[in-house]
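The exercises below are meant to be worked with the sequence and the coordinates side by side. Try each task before reading its solution.

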Amino acid sequence: MAPIPITIITGFLGSGKTTLILNLLPQLKAKNPDYKLALIKNEFGDLAVDSQLASSAAVSGVRELLNGCICCNLVGQLDVALEELRSTINPDRIVIETSGSAFPATLVFEINRLARETGGAYVLDGVLSAIDVENWKGYEDTSWTARNQARYTDLIVFNKWETCDELRFDEVLDRVGDLEVETPWVKSRKGWVEADLIFGIDGGLARDLTEEHTKREPSSHEKHDHGHQHDHQTEVEVLSVELTGGAKGAGVDAGKLLSLLKAAPKDEVYRIKSVLTVSGTARDSDQDDANPTPPHDSSRFILNWAFGRWTFTPVSDTTAEHESSDRIPLRMTIILARYAGGKWKKKIEEGGFLQLDGEGTGALAVNKIL
């Protein structure tokens with residue numbers, strides 16, 4: 001059988017990786033209705049959010065690796081996830097979406113090793129890095145990981161450039177140029193890029209790393225980088241939030257929740273992800289009284305917040321939820337800047353942002369897990 005091509009999609013927190021992937025699927029289905037795309041999703045925290053979003057978008061198979069980073073402490077689970085997808089689905093392609101802190105070169109080594117050990121069951125097609133033009137400068141100076149995600153890639157996709165002027169985009173290009181790499185790049189259209197640009201790029205990163213690193217000892221610079229990669233998760237802190245109790249079907253007070261989403265400063269809070277039941281109107285950040293939320297039948301939602309913008313995606317009653325959130329009024333992961341975890345743990349616990357509507361506020365638990 002032909003090897004299954006694997007594409008790695010990386011990029012810092014909130015850069016638009018999941019949106020990019022979900023926009024690829026309709027293109028693939030249009031060319032071949034039987035096309036099977038599988039996703040391995042790695043995320044901070046103990047809540048499966050994006051995998052549920054992908055499942056609802058008809059991705060053929062999704063495996064989510066939680067509570068760690070796929071290039072470090074979870075790397076040993078990659079072969080199990082790949083084999084499970086190969087044996088149960090046999091997809092036409094597997095996309096690996098890394099956590100926001102993953103170091104892509106280490107993942108390349110692992111996939112190439114598994115390809116050899118399985119007799120060519122897989123082939124690494126290429127590595128793509130998404131960059132959020134609007135916000136990239138704000139964390140690039142302090143994030144070793146963000147710089148290396150832009151350096152070790154075959155293609156850079158610039159997202160969220162539409163909200164910026166040309167000067168801002170030129171500044172980001174200059175910062176990429178500072179990395180002294182000549183990497184092809186493309187602008188997305190609100191997270192949409194032609195699939196032919198993403199797949200089949202025959203990535204030079206995969207080829208060069210395989211040839212170079214299997215024939216010689218690593219340089220002192222590479223050893224320095226390798227030592228740093230195991231510490232890169234300290235660049236962020238993660239809170240796990242759970243709100244339980246109340247009557248059957250009880251929902252989170254939408255007004256208080258929106259106060260949290262509006263109050264979170266993007267220099268401290270990078271991502272908020274949640275699966276929740278909402279009591280009241282769940283409004284996206286670009287919706288107001290003049291642009292109301294479209295009617296829907298569900299009160300169960302997937303919430304995605306990044307850098308001051310957010311969306312509520314309805315969850316169908318027929319969708320099977322992941323066990324990490326099933327039948328719980330609210331499960332939430334908050335990914336924060338370093339040293340901000342304690343401050344925001346206290347804010348969430350004492351701020352009244354997360355309460356159930358009606359009698360009783362529910363039982364709120366906030367734990368710092370990274």
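**Exercise 1.** How many bridges join strand E2 to E4, and do the two strands run parallel or antiparallel?

*Solution.* Keep in mind throughout that the model is a predicted one. Begin with strand E2, residues 37–43, which is joined to E4 by five bridges, the two strands running parallel. Within this pairing, Lys41 is the residue that stands opposite Glu97 of E4. Next take strand E1, residues 4–11, which also runs parallel to E4 and is joined to it by four bridges. Here Ile9 is found opposite Glu97. Glu97 therefore has a residue opposite it in each of two strands, Ile9 from E1 and Lys41 from E2, given that strands count as paired when DSSP finds at least two bridges between them.

**Exercise 2.** Determine which residues of strand E4 point one way and which the other, and state whether they are buried or exposed.

*Solution.* Strand E4 comprises residues 93–97, and five of its five residues are buried. Sorting them by direction, Arg93, Val95 and Glu97 point one way, while Ile94 and Ile96 point the other way. Both sets are buried, including the charged-looking names that a reader might wish to check in the viewer, Arg93 and Glu97.

**Exercise 3.** Describe helix H7 by its span and by the placement of its buried residues.

*Solution.* First, the span: H7 covers residues 166–177, and its 12 residues reach 16 Å from the first C-alpha to the last, close to the 16 Å expected at 1.5 Å a residue. Second, the buried residues, which are Arg168, Phe169, Val172 and Val176. Because these cover an arc of only 100° around the axis, they lie on the same side of H7. Third, the face turned away from that buried side, where the exposed residues Leu167 and Asp174 are carried.

**Exercise 4.** Lys190 and Phe307 each have a positive phi although neither is a glycine; locate each residue and decide whether it is buried or exposed.

*Solution.* Lys190, with a phi of about 55°, is placed in the loop between strand E7 (185–187) and helix H8 (195–198). Its relative accessibility is 71%, so Lys190 counts as exposed. Phe307, with a phi of about 50°, lies in the loop between strand E11 (300–306) and strand E12 (309–314). Its relative accessibility is 5%, and Phe307 therefore counts as buried.

How values were computed
Residues are numbered from 1 along each chain as its sequence is written. This is a predicted model: local features need pLDDT of at least 70, side-chain atom pairs count only at pLDDT 80 or more; totals for chains, interfaces and linings use all residues. Side-chain values use heavy atoms; hydrogens and water are left out. Buried means under 20% relative accessible area, exposed over 50%, partly exposed in between (1.4 Å probe, protein chains only). The expected span of a helix is 1.5 Å times one less than its number of residues. The arc is that of the directions from the helix axis to the C-beta atoms.
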